[in-house]
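Please open the model in your viewer and keep the sequence panel visible beside it, since each stop on this tour begins with a selection.

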Amino acid sequence: MVLLDERAGHYWQLNGTGALVVQALLDGATPEQVAERLAATRPVTPERATADVTALVAHLVKERLVTDS
């Protein structure tokens, strides 16, 4: 998955896990639900999954690609 900031012309390429996170959020899952799903399906602890989802969302908000609601 590639995200494009049309205002600035910047691209962000997401790996498979990042794409899964973004797609799940677009589908209406909460960050907590996404982290739970990652921890259940990937070799990662729940704490690490939560930290990774939180970091990705924070980065997307910082880059103004999404809003935090």
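Select D5 first: in this predicted model, D5 is buried, with a relative accessible area of 8%, which places it below the 20% limit used for that class. Now add R7 to the selection, and you will find that D5 and R7 form a salt bridge whose closest N and O atoms are 3.1 Å apart. The partner sits in another setting, for R7 is exposed, at a relative accessible area of 56%. Side chains of opposite charge can pair when their charged atoms come close.

How many salt bridges does the structure hold? There are two, and to see the other one you should select R48 and D52, whose side chains meet with an N to O distance of 2.9 Å. Both residues belong to helix 3, where they are four residues apart, so that about one helical turn separates them. With a relative accessibility of 36%, D52 counts as partly exposed.

Keep helix 3, which runs over residues 46-62, on display, and turn next to the nonpolar interior. The largest nonpolar core comprises 15 residues, and V21, V34, L38, V53 and L56 are the ones with the most contacts inside it. Helix 1, helix 2 (31-41) and helix 3 each contribute at least two residues to this core, and the largest share, five residues, comes from helix 3. If you centre the view on V21 and leave aside residues up to four places away in sequence, you will see that V21 touches V34, L38, V53 and L56.

The last stop is the largest pocket, which has a volume of about 440 Å³. Which residues lie nearest the centre of this pocket? Select L25, V57, V66, T67 and D68, which hold that position among the 16 residues that line the pocket. Then colour helix 1 (16-26) and helix 3, each of which supplies at least two residues of the lining; helix 3 gives the most, with five residues. Colouring the lining by residue class shows 12 nonpolar, three polar and one charged residues.

To finish, show helix 3 alone and go back over its parts in the tour: the helix holds the pair D52 and R48, supplies five residues to the largest nonpolar core, and gives five residues to the lining of the largest pocket.

Methods: Residues are numbered from 1 along each chain as its sequence is written. This is a predicted model: local features need pLDDT of at least 70, side-chain atom pairs count only at pLDDT 80 or more; totals for chains, interfaces and linings use all residues. Side-chain values use heavy atoms; hydrogens and water are left out. On a 1 Å grid over the protein atoms alone, a cavity is a set of points where a 1.4 Å probe fits but cannot get out, and a pocket is an open set with protein on both sides within 12 Å along at least five of seven lines; lining residues have an atom within 4 Å of a point. Grid points are joined across faces, edges and corners, and a volume is the space filled by probe spheres set on the points. Ala, Val, Leu, Ile, Met, Phe, Trp, Tyr, Cys and Pro count as nonpolar, Asp, Glu, Lys and Arg as charged, and the others, Gly among them, as polar. A nonpolar core is a set of buried Ala, Val, Leu, Ile, Met, Phe, Trp, Tyr and Cys residues joined through side-chain atoms within 4.5 Å. Buried means under 20% relative accessible area, exposed over 50%, partly exposed in between (1.4 Å probe, protein chains only). Contact means heavy atoms within 4.5 Å. A salt bridge is a side-chain nitrogen of Lys or Arg within 4 Å of a carboxyl oxygen of Asp or Glu.
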